[in-house]
Amino acid sequence: MSAVITLFPSSRRQNALNGMSNERVKAISRLRDTSIILLIVVTAGLGLNTIFDSYHHASQKDVSEMLLLSEYLKSVATLRANASLIENVGIAYKVHMLVGMTIFLIFPFTRLVHVWSVPVTYLKRPYQIVRSKISGR
Ligand code: HEM
């Protein structure tokens, strides 16, 4: 967990953690917005969990499972998904891919959808005047 958290630059980490602890952010966050952060952390953990299997294959100099995984992912990317390719691969890879793909399935319905917003309009945006509603502050 700490290994995963240190992968994030501190500002991003603070944003993600703010979402769970800052009262104002919490007020506008829905359950699905916080759940997706946890899902990403769980997926990363499950991804790290595949290293044991991969290390075992590497020590045996056996690349067959990696080739099956890459053929399967190629079939998904080219919209000709062939699940039979991974019928016999380790369960650690299957669980990791299932949870990872679930993120792609549900993120458009969460605030993570904002990863698509490229803030180019900010370059041409006119200045904003920010004033307090309470006079004298
Ligand atoms: C469509 C979603 C995903 C698929 C199909 C997928 C697939 C895979 C596969 C096949 C491996 C094993 C690679 C190997 O052993 O060489 C792997 C490893 C890993 N994945 Fe994913 N993944 C997905 C999403 C994610 C996400 C969202 C994260 C992070 C949040 C993540 C983090 C990792 C990590 C840390 C490893 C271990 C590193 C390594 O073995 O080099 N994955 N993933």
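Which helix supplies the largest share of the shell around the ligand? In this predicted model, that share comes from H4, which contributes eight residues to the shell. Helix H4, covering residues 31–59, is joined in this role by helix H5 (64–77) and helix H6 (91–106), each of the three supplying at least two residues of the shell. Altogether 17 residues surround the ligand, and those that come nearest to it are Ala-44, Gly-47, Ser-54, Met-97 and Gly-100. In composition, the shell divides into 11 nonpolar and six polar residues, with no charged residue among them.

The geometry of H4 was examined against the rise expected for a helix. At 1.5 Å a residue, the 29 residues of H4 should span 42 Å, and because its end C-alpha atoms are 43 Å apart, the expected and modelled values agree. H4 nevertheless contains a kink of about 25°, centred on Phe-52, and the helix is followed by Lys-61, whose phi is positive, near 55°. For H5, the 14 residues should span 20 Å at 1.5 Å a residue, which agrees with the 20 Å that separates its end C-alpha atoms. Just after H5, a positive phi of about 60° is taken by Leu-79.

The UniProt record, an unreviewed entry, places the feature "transmembrane region" at residues 34–52 and at residues 98–123. In the model, residues 34–52 are 100% helix and 0% strand, with the end C-alpha atoms of the span lying 29 Å apart. Over residues 98–123, by contrast, the chain is 35% helix and 0% strand, and the end C-alpha atoms of this span are 39 Å apart. Phe-52, on which the kink in H4 is centred, is also the residue at which the annotated span 34–52 ends.

Confidence in the prediction was considered next. The protein chain averages a pLDDT of 85, and 83% of the residues score at least 70. Over residues 1–7, however, the pLDDT is below 50, and this stretch has four contacts in the model beyond near neighbours in sequence. Where pLDDT is low, the predicted coordinates should not be read in detail.

Key
Residues numbered from 1 in each chain as written. Predicted model: local features only at pLDDT ≥ 70, side-chain atom pairs only at ≥ 80, totals over all residues. Near = placed C-beta within 6 Å. Helix = DSSP H or I, 4+ residues; strand = E, 2+ residues; numbered from the N terminus. Nonpolar A, V, L, I, M, F, W, Y, C, P; charged D, E, K, R; others polar. pLDDT = per-residue confidence, 0-100. Contact = placed C-beta atoms within 7 Å. Expected span 1.5 Å × (residues − 1). Bend = angle between axes of the 7 residues up to and from the residue. UniProt positions renumbered as here; feature names shortened; annotations may be inferred.
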